[in-house]
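Here is a short set of exercises to work through with the model open in your viewer. Try each task on your own before reading its solution.

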Amino acid sequence: MECSCSSLLSSNSMETIYSTQFSSFKPLFDLKSIPKLTSFKGISAKASYDTCVRKKGLSSIDEQKLGAADLVYHVNGKINPSYLTRDLRILDGFDDEYGGVIVDSERLPANPNVFASMLRFSVSHWKAKEKKGIWLKLPVEKSDLVPVAVKQGFEYHHAEKGYVMLTYWLPEGPSMLPANASHQVGVGGFVVNDKNEVLVVQEKHCAPSFVGLWKIPTGFIDESEEIYAGAVREVKEETGIDTEFLEVVAFRHVHNVAFEKSDLFFICMLKPLSTRIIVDVHEIQAAKWMPLIEFVEQPFIQQDSMFKKVIDICIARLGGCYCGLSVHQLASRFDGKTSTLYYNCIDN
């Protein structure tokens with residue numbers, strides 16, 4: 001049997017067979033002299049695997065060994081339409097820094113059947129390349145591809161308004177991919193004016209046990225928002241009061257709060273820069289400046305050890321008997337970014 005690459009364009013009796021490295025079929029001819037072409041974006045079987053040319057007459061046994069997903073037939077340089085070779089392509093994507101693959105969500109096929117074939121082929125390819133994890137982001141407009149990916153072994157990782165993220169761990173053993181975010185982050189603003197009055201609110205939507213309770217303004221920080229900035233923003237949104245961040249005086253850590261997630265809540269000491277209250281009618285029932293002693297003597301606060309301790313810390317801070325964590329911007333060579341470090345710095 002002869003094997004020649006040059007005969008591809010000159011002989012009608014010759015075929016090109018592309019054999020993947022996942023097949024148990026072993027060719028009887030030398031492939032060392034034939035080049036391999038590799039490319040990540042849109043690579044097909046033709047660009048990814050060894051090629052050779054031999055005479056017709058593949059036995060049925062060999063066909064069974066290879067299977068339709070492992071062969072691509074070229075006759076006179078043209079793909080044989082009897083095989084769905086257009087689906088034997090690698091999904092577009094790029095390598096991450098941990099030896100994994102991030103699939104390009106903007107170049108996904110719209111047809112679920114085509115996607116299924118390409119995904120199956122891609123997983124086999126990446127497994128042979130000894131890749132680690134696969135990150136597959138499916139936008140909401142292609143949500144019909146989600147069950148296809150799940151059926152092929154992908155697992156939910158997290159979801160946002162516009163997409164769902166799925167993952168697949170290729171090596172044997174437990175997945176080493178990082179889990180979804182485990183915490184939500186909240187802030188509270190403790191604002192005291194020069195009259196020793198605390199800025200307090202009553203929330204419009206709250207649990208029955210909190211009805212009538214005057215509390216400090218609180219809320220969640222936004223994505224990519226600093227803790228200190230979130231505290232200032234929440235106070236402004238709920239009460240209309242402008243403030244300046246001073247310190248983080250304490251923070252609480254609790255688990256299984258919202259959909260089995262944990263919660264970090266930072267109590268921030270803020271300095272008021274204005275006095276006129278403008279209530280957010282969507283969230284807040286009422287807001288006012290309340291004498292500190294009246295605020296502390298509320299039955300709910302007196303009966304709750306957590307609330308009472310927080311107020312004691314804030315009062316100690318006002319009296320100069322406690323030092324919280326202030327904001328410091330520092331650059332790190334570890335990631336090349338400027339970040340916020342919170343620590344106490346006592347002024348002698």
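A hairpin of two residues links β8 to β9. Keep in mind that everything below refers to a predicted model.

**Exercise 1. Work out how β8 and β9 are paired, and find the partners of tyrosine 156 and alanine 159 in β9.**

Step 1. Start with the direction: β8 and β9, the latter covering residues 163-169, run antiparallel and are joined by five bridges.

Step 2. Now go to individual pairs. Tyrosine 156 has leucine 166 as its bridge partner in β9. For alanine 159, the partner in β9 is valine 164.

Step 3. Turn to another neighbour of β9. β7 pairs with β9 over seven bridges, in the antiparallel sense. In this pairing, isoleucine 134 stands opposite tyrosine 168 of β9.

**Exercise 2. Place these strands in their sheet: what is the strand order, and which strands lie at the edges?**

Step 1. Read the order across the sheet: β5-β6-β7-β9-β8, an open arrangement of five strands with mixed pairing.

Step 2. Look for strands that pair on one side only. These edge strands are β5 (93-95) and β8 (155-160).

Step 3. Check how the strands are turned. Ignoring direction, neighbours in this sheet make an average angle of 20 degrees with each other.

Step 4. Add the helix that packs on the sheet. Helix α3, residues 112-128, touches β6 (101-103), β7 (133-139) and β9. The direction of α3 makes about 160 degrees with that of β7.

**Exercise 3. Decide whether β9 is buried or exposed, and check each of its faces.**

Step 1. Take the strand as a whole. Seven of the seven residues of β9 are buried, so the strand is largely enclosed by the rest of the structure.

Step 2. Separate the faces. Tyr163, Met165, Thr167 and Trp169 are on one side, with Val164, Leu166 and Tyr168 on the other.

Step 3. Combine the two: the residues on either side are all buried, and both faces of β9 are covered.

**Exercise 4. Follow the salt bridges of aspartate 92, aspartate 95 and glutamate 203, and say where each partner sits.**

Step 1. Begin with the total, which is 11 salt bridges.

Step 2. Aspartate 92 and arginine 107 meet through their side chains, at 2.5 Å from N to O. This pair links distant parts of the chain, 15 residues apart: aspartate 92 is in the loop between β4 (78-79) and β5, and arginine 107 is in the loop between β6 and α3. Aspartate 92 counts as buried because its relative accessible area is 9%, while arginine 107 is partly exposed at 47%.

Step 3. Aspartate 95 forms a salt bridge with lysine 131, with 3.2 Å between the closest N and O atoms. Here the partners are 36 residues apart, aspartate 95 in strand β5 and lysine 131 in the loop between α3 and β7. With a relative accessible area of 42%, aspartate 95 is partly exposed.

Step 4. Glutamate 203 and lysine 215 also meet in a salt bridge, at 3.2 Å from N to O. Glutamate 203 belongs to strand β11 (residues 197-203), and lysine 215, 12 residues apart from it, lies in the loop between β11 and β12 (218-220). Glutamate 203 is partly exposed at 27%, whereas lysine 215 is buried at 17%.

Step 5. Finish with a network: salt bridges with shared partners join Asp222, Glu225, Arg233, Glu234 and Glu237.

**Exercise 5. Examine aspartate 280: which side chain of opposite charge is nearest, and how far away is it?**

Step 1. Locate the residue: aspartate 280 is in the loop between β14 (261-272) and β15 (284-291).

Step 2. Search for a partner. The nearest side chain of opposite charge is lysine 204, 7.6 Å away. A salt bridge needs the nitrogen and oxygen within 4 Å, and aspartate 280, though buried, has no salt bridge.

Step 3. List contacts, leaving out residues up to four places away in sequence: aspartate 280 touches Glu237 and Glu238.

**Exercise 6. How many disulfides does the whole structure hold, and how accessible are cysteine 206 and cysteine 321?**

Step 1. A search of the whole structure gives zero disulfides.

Step 2. Cysteine 206 is partly exposed, at 33% relative accessibility. Cysteine 321 has a relative accessible area of 68%, so it counts as exposed.

Conventions: Residues numbered from 1 in each chain as written. Predicted model: local features only at pLDDT ≥ 70, side-chain atom pairs only at ≥ 80, totals over all residues. Heavy atoms only, no water. Pairing = 2+ DSSP bridges. Helix = DSSP H or I, 4+ residues; strand = E, 2+ residues; numbered from the N terminus. Axes fitted to C-alpha atoms, helices over the stretch in contact; angles between N-to-C directions. Contact = heavy atoms within 4.5 Å. Disulfide = S-S within 2.5 Å. Buried < 20%, exposed > 50% of the residue type's maximum accessible area, 1.4 Å probe, protein only. Lys, Arg positive; Asp, Glu negative; His and termini not counted.
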